[in-house]
Amino acid sequence: HLVVRDCTVRACGGGGDIYYGLAEGKGMLCSGFSTVTIDGCRFEENGWKCRTSRNGLASRGTALHVSGALVELTRTRFVGNKARTGNADASIVELAGSCGGSVVKNCLFAGNLVDCGVSSSGKCGALCINFAETNEVVAVVNCTFADNRLKGTFLNFNGKSPSLNAV
């Protein structure tokens with residue numbers, strides 16, 4: 001179990017060409033945990049600028065990427081982060097794999113930039129939830145999405161229907 005409280009993750013990232021890899025979680029990458037709790041944190045000015053990608057999976061979850069875990073993400077701010085790709089997926093926060101039952105509550109997504117390029121598969125946005133199973137549910141409750149500049153979709157849930165209560 002990973003617990004992160006009252007932390008600031010700022011100005012992590014880089015840029016360049018990615019040919020067969022991913023630029024996931026440049027701010028924070030959480031993998032190998034069964035549960036992840038992130039509460040009262042700030043993710044600011046993190047990002048990755050990728051010029052080309054041969055595998056189409058370039059810049060996922062540049063501020064926060066959680067893979068295969070039940071996530072409780074509360075009272076956390078994602079401000080001024082950037083995810084740019086020439087031709088691939090891009091997101092500020094990505095919950096991937098077996099994340100059903102996760103909760104994103106009272107969070108702010110503001111002033112972020114996501115540019116997926118012209119041939120994105122559509123897995124782009126301030127918040128991208130990429131389920132492993134079709135019956136999984138993630139609740140997004142009382143979150144604010146404001147002043148984000150996005151080229152691609154606003155919220156992407158990989159074709160599934162989450163419980164959503166966000167303004």
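These are my notebook entries on a predicted model of a single chain, taken from its overall make-up down to individual residues.

**Entry 1: the chain as a whole**

I began with the secondary structure and found 20 strands and 0 helices. I then looked up burial, and of the 167 residues in the chain 48% count as buried. For the exposed surface I noted about 7,300 Å², of which carbon and sulfur atoms supply 47%. I also checked how far along the sequence the contacts reach: among contacts with a separation of 6 or more, residues 24 or more positions apart account for 85%.

**Entry 2: confidence**

Before going to single residues I looked up the pLDDT, which averages 77 over the chain, with 66% of the residues scoring at least 70. Residues 16–21 stay under 50, and for this stretch the model has 20 contacts beyond four places in sequence. Residues 53–57 are also below 50, and there I noted 17 contacts beyond near neighbours in sequence. I have kept both stretches out of the residue entries that follow.

**Entry 3: strand 5 and its partners**

I turned to strand 5, residues 35–39, where 4 of the 5 residues are buried. Which strands does strand 5 pair with, and in what sense? Strand 1, residues 2–5, runs parallel to strand 5 and is joined to it by 4 bridges, and in this pairing Leu-2 stands opposite Val-36. Strand 9, residues 70–74, also pairs with strand 5 in the parallel sense, over 5 bridges, and here I found Thr-35 opposite Leu-70.

**Entry 4: the largest nonpolar core**

I next looked up the largest nonpolar core, which has 35 residues, and the members that touch the most others are Ile-38, Phe-43, Leu-64, Phe-78 and Phe-109. Among the elements that give two or more residues to this core are strand 1, strand 5 and strand 9, together with strand 12 (90–97), strand 16 (124–131) and strand 17 (139–146). I followed Ile-38 further and, not counting residues up to four places away in sequence, found that Ile-38 touches Val-4, Met-28, Phe-43, Leu-64, Glu-72, Leu-73, Thr-74 and Thr-76.

**Entry 5: two buried residues with polar side chains**

Is Glu-44 buried or exposed? I found Glu-44 in strand 6, residues 42–44, and the residue counts as buried because its relative accessible area is 8%, under the 20% cut-off. The side chain of Glu-44 is joined to that of Arg-42 by a polar contact of 2.4 Å. Leaving aside neighbours within four places in sequence, I listed Thr-8, Val-9, Arg-10, Ala-11, Val-79 and Asn-81 as the residues in contact with Glu-44.

I then looked at Ser-102, which lies in the loop between strand 12 and strand 13 (103–105). Ser-102 is buried, since its relative accessibility is 1%. What does the side chain of Ser-102 reach? I noted the backbone oxygen of Cys-99, at 2.6 Å. Beyond four places in sequence, Ser-102 touches Ala-69, Leu-70, Val-71, Leu-95, Val-137, Val-138 and Ala-139.

**Entry 6: Ala-146 and the residue after it**

Ala-146 lies in strand 17, and at a relative accessible area of 25% I recorded Ala-146 as partly exposed. I looked up the distance between the C-alpha atoms of Ala-146 and Gly-111, which is 6.8 Å, although the two residues are 35 residues apart along the chain. Apart from neighbours within four places in sequence, Ala-146 is in contact with Phe-109, Ala-110 and Gly-111.

Asp-147 lies in the loop between strand 17 and strand 18 (149–151). I noted that Asp-147 counts as exposed, because its relative accessibility of 70% is over the 50% cut-off. I checked the backbone of Asp-147 and found a positive phi of about 55°, although the residue is not a glycine.

**Entry 7: another positive phi**

I also looked up Arg-75, for which phi is near 45°, again a positive value in a residue other than glycine. I flagged this sign because most residues other than glycine have a negative phi. Arg-75 lies in the loop between strand 9 and strand 10 (77–79), and with a relative accessible area of 48% Arg-75 is partly exposed.

Methods
Residues numbered from 1 in each chain as written. Predicted model: local features only at pLDDT ≥ 70, side-chain atom pairs only at ≥ 80, totals over all residues. Heavy atoms only, no water. Buried < 20%, exposed > 50% of the residue type's maximum accessible area, 1.4 Å probe, protein only. Polar contact = N/O pair within 3.5 Å; in protein donor to acceptor, adjacent residues only side chain to side chain. Contact = heavy atoms within 4.5 Å. Pairing = 2+ DSSP bridges. Core = buried A, V, L, I, M, F, W, Y, C linked by side-chain atoms within 4.5 Å. Areas by Shrake-Rupley, 256 points an atom, 1.4 Å probe, with all protein chains shown as cover. pLDDT = per-residue confidence, 0-100.
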